[in-house]
Structures are given as structure tokens and as C-alpha cells.
Amino acid sequence: MPEDVLVTADWVESNLEQFESDDPAYRLVEINNPTVTDESEYTPYEEGHIPGALNFEWDEVFTDETERDIVSKADFAERNGDAGIEADTTVVVYGGGRVPNWFALFGYWIYKYYGHDDVRVIDGGKGYWVENDYPLSTDEPDFPAQEYEARGPFESVRAYKDDIDKAIEEGIPMVDVRSPEEFSGEVIAPEGLNETAQRGGHIPGASSVPIGTTLNEDGTFKSADELRELYSDAGVDGDESTITYCRVGERSSIEWFLLHELLGYDDVRNYDGSWTEWGNLVGAPIETGE
């Protein structure tokens, strides 16, 4: 397991001085969506965050709501540079949500899409940090702006509708990371979330691996061996191309991270159009039930 992409709360705490420095070598970024539901473990940034952490709202920094697409390369570069991040900065992301790092790992995936080499995530996310009484601050850092040069985009980590058509036709493994109720079509979206679809169900041929099954009780990820077994049981062993999807591409970026970054499976792509695209397409095949 490549240890460097997943860091512990202890490691972050021992490096706080570097994260609080004006030197752009290390930056902490809290990534959340403040409009998540009542069930979410959401501690607002303003009420306490890891000392030195920047605040990147998921929708404002990583998406283009007009296009309903991910952020453009130019805007991504500008937003990072303005925050004091360079292309060779070690960026460590974390966040809360209904599951730990829900939106943080979507941010991680965007960083990889635009070629940022050194991105890491805190195991257990903000929930673990808060629950275990690590230090919190209400001071909002103001780092000197930097020139950020984005690369790519690297399309090898992203799947589109055409890739799903091909996956159905060729039997390429797809991992649906939503809840069992969403997978079966019993519900279309988690309660309280507004990005939705006309129809419920799943993409034909997809396997169900709900996010919760990848986590320990404390919100940290299960071991590499446990994860390999979990995915193997779902027909995914890393030998062939794999696509992850969810509702709008954020939860599926978590399992993209597990498969591609942690387990080192080569060809894994996140379908960020996910169910809000597929479930709204006229004539797209769907399946319901378990």
C-alpha cells in the first residue's frame, strides 16, 4: 500500500508547523459541502479546523455550476495560486460529510486530473480529527499568492457516457458505491440532496460496493488486504479496466482513490456524470433490484 497518499492524524499533527508556514511546500485544505444533510458529520470550517488549513468549498472551487462540469483548468490554477499553493506543493486534503472525506476525495481526484503530483488525504477525515481531540483553530490563514501551473487534463482517471456504453457492451467491471437502497432503485438520492434523476436503479452489469463497507467504525479505511477481498468479491481484482460511479461523482471518487491510489490498480476511472447523468438519459438502459 503506497503509504504516502494516506496520512495519519498523528503525522499531520507532528507537521503542523510546516502547514502553518508561509513557505508553500506544505498546505492543508479542508474541503466540504456546507449544504449536506442533517445526517452528515459536518463541522463548519469557521467553528474549528486544523491549524493552518485553507477552506475550499466543494462547489465553489472544484465545480463549474453553469456547465454542470468539473472546474476548468484555468480556474483550478487560479484558485490554487490565490490560496498560496504551487504545483509542487504537498497538498493534504480532509473533510467531513455523511462519510469521512466525502468531498475531500473528490478534490483529490480533481488534483490528479490536473496533474498535481503530491496530494494526500487524512485517514478518517475531519470526523476522526475532532473525535480524537486533535487541536482545532478558528484562525483563517492568509498565505502569499503563488503562480500555479496546472497540467493535463489527464483523462485516464475520468470516465464519460461513451465509456459506460462500452463497459456495458464488453462487460468491463463497474463499481456502484451508493447505498443499497439507491442501487436497487428504492430511492433515487439520499434524503435532502437535490441533484437527482428521473429514474432509480443502477447501470446494467455494475456491482454494489457501498462506501460504508470500506470503512472501519472510527471512519478510517479498512486494511489493504480487507479492501482487496471486498473488491474481489465484487468481481474487481485490478486485472482489467474498472469504472466507479455514484450520484454526482463525489462518493465514487473515494472508491476510485481506494482502487487506484491505495491498492495500485492501474486502469481505474471515475464516472463523474454518475447517476444524475445516466438516470436522466432518454433510452439509457437501467436495472433495478439487488
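Which residue in β7 is the bridge partner of V93? It's V121, and that little pairing is a handy way into this structure, which is a predicted model.

Let's stay with the strands for a moment. V93 belongs to β6, the strand that spans residues 90-94. Strand β7 covers residues 119-122, and β6 pairs with β7 in the parallel sense over three bridges. β6 has another partner too: strand β2, residues 26-32, runs parallel to β6 and is joined to it by five bridges. If you want a spot to look at there, find Y26, which stands opposite T90 in β6.

Now check how covered β6 is. Five of its five residues are buried. T90, V92 and Y94 point one way from the strand, while V91 and V93 point the other way. Whichever way they point, all of these residues are buried.

From β6 you can move on to a helix. Together, β6, α5 and β7 make a right-handed β-α-β unit. Helix α5 takes in residues 104-113, and one of its residues, Y108, pairs with F257 in helix α10, residues 251-262. The two partners are 149 residues apart, so to speak a link between distant parts of the chain. Their rings sit edge-to-face, 5.0 Å centre to centre with 80 degrees between the planes. Both Y108 and F257 are buried.

That's one of the 14 aromatic pairs that turn up in a search of the whole structure. Take F76 and Y148 as another: the ring centres are 5.7 Å apart and the planes stand at 85 degrees, which is why this pair counts as edge-to-face. F76 lies in helix α4 (residues 73-83), whereas Y148 is in the loop between α6 (125-131) and β8 (158-159), so the pair ties together parts that are 72 residues apart in sequence. How accessible are these two? Relative accessibility is 0% for F76, so F76 counts as buried. Y148 comes in at 7%, and because buried means under 20%, Y148 counts as buried as well.

F76 and Y148 also have company. Ring pairs link them with F106, W109, Y111, Y113 and Y114 into a cluster.

Finally, look for places where a charge meets a ring. R27 lies over the face of F143, at 3.6 Å from the ring centre. In another case, the charged end of R178 sits over the ring of W275, 4.9 Å from its centre.

Terms used: Residues are numbered from 1 along each chain as its sequence is written. This is a predicted model: local features need pLDDT of at least 70, side-chain atom pairs count only at pLDDT 80 or more; totals for chains, interfaces and linings use all residues. Side-chain values use heavy atoms; hydrogens and water are left out. Rings of Phe, Tyr and Trp (its six-membered ring) pair if their centres lie within 6.5 Å; planes under 30 degrees apart count as stacked, over 60 as edge-to-face and the rest as tilted. Helices (H or I, at least four residues) and strands (E, at least two) are DSSP runs, numbered from the N terminus. Buried means under 20% relative accessible area, exposed over 50%, partly exposed in between (1.4 Å probe, protein chains only). A charge sits over a ring if NZ of Lys or CZ of Arg is within 6 Å of the ring centre and within 35 degrees of the ring normal. Two strands pair if DSSP finds at least two bridges between them. A crossover is right-handed if, with the strands pointing away from the viewer, the path from the first strand over the helix to the second runs clockwise.
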